[in-house]
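Work through the exercises below with the sequence and the model side by side, and try each task before reading its solution.

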Amino acid sequence: MRVDFYLLSRDPVERAIPPLAAKVMAAGERLLVVSADEAQLRLVGDALWTDRPGDFLANGLAGEAQAGRQPILLSQDCEAANGARMVMFADGLWRDEGLEFARAFLLFGDAALEGARACWRQLGLREDVERRFWKQDGGKWREGP
């Protein structure tokens, strides 16, 4: 399994998720976006609908009607009612349930940097986890050390 660490230095998480989610959708996958903050999930949902004019990213909240049919499901927990094989942690907090997915994305800013570093070290002890680190460079993501 693969875990991608994304350090947010320019964009807020709700602006960083739509282009990443678009790549997940282009690969034919479904996505679960997790945050303990319901307000943050609503911001992410709005951005998924509006940030890519002409190419909206359909999404819905867990627990609502048709949640299982959503290509992108927004949830406060790690239950992928939509059958997602990929999970994105929008609130910067790692959850070990992420290891049950084929791929996990941990998006974090400076406030969550120490927790992300600890998670990086912890996951580095596992032979079954491939880790990658990404940082914002202008308007693009660049893989970094």
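**Exercise 1. Find the salt bridge between Glu 114 and Arg 117, and describe its surroundings.**

Solution. Begin with the contact itself: the side chains of Glu 114 and Arg 117 form a salt bridge with an N to O distance of 2.9 Å, where a salt bridge is a side-chain nitrogen of Lys or Arg within 4 Å of a carboxyl oxygen of Asp or Glu. This is a predicted model, in which local features need pLDDT of at least 70 and side-chain atom pairs count only at pLDDT 80 or more, while totals for chains, interfaces and linings use all residues. Residues are numbered from 1 along each chain as its sequence is written, and side-chain values use heavy atoms, with hydrogens and water left out.

Next, place the pair: both residues belong to helix α3 (residues 113–124), three residues apart, which is about one turn of the helix; helices (H or I, at least four residues) and strands (E, at least two) are DSSP runs, numbered from the N terminus. Finally, consider exposure, for which buried means under 20% relative accessible area, exposed over 50%, and partly exposed in between (1.4 Å probe, protein chains only). Glu 114 has 51% relative accessibility and therefore counts as exposed, whereas Arg 117, at 41%, is partly exposed.

**Exercise 2. Which parts does the salt bridge between Arg 85 and Glu 29 tie together?**

Solution. First note that the side chains of Arg 85 and Glu 29 meet at 3.1 Å, N to O. Arg 85 lies in the loop between β4 and β5, and Glu 29 in the loop between α1 (13–26) and β2 (31–34), so the salt bridge ties together parts that are 56 residues apart in sequence. As for exposure, Arg 85 is partly exposed at 45% relative accessibility, while Glu 29 is buried at 18%.

**Exercise 3. Is strand β1 largely enclosed or open, and which strands pair with it?**

Solution. Start with burial: six of the six residues of β1 (residues 2–7) are buried, so the strand is largely enclosed by the rest of the structure. Then look at directions, with Arg 2, Asp 4 and Tyr 6 pointing one way and Val 3, Phe 5 and Leu 7 the other.

For the pairing, which requires that DSSP finds at least two bridges between two strands, β1 runs parallel to β6 (residues 103–108) over six bridges, and six bridges also join β1 in parallel to β7 (residues 130–137). Arg 2 stands opposite Arg 103 in β6, and Arg 2, Asp 4 and Arg 103 are linked in a network of salt bridges.
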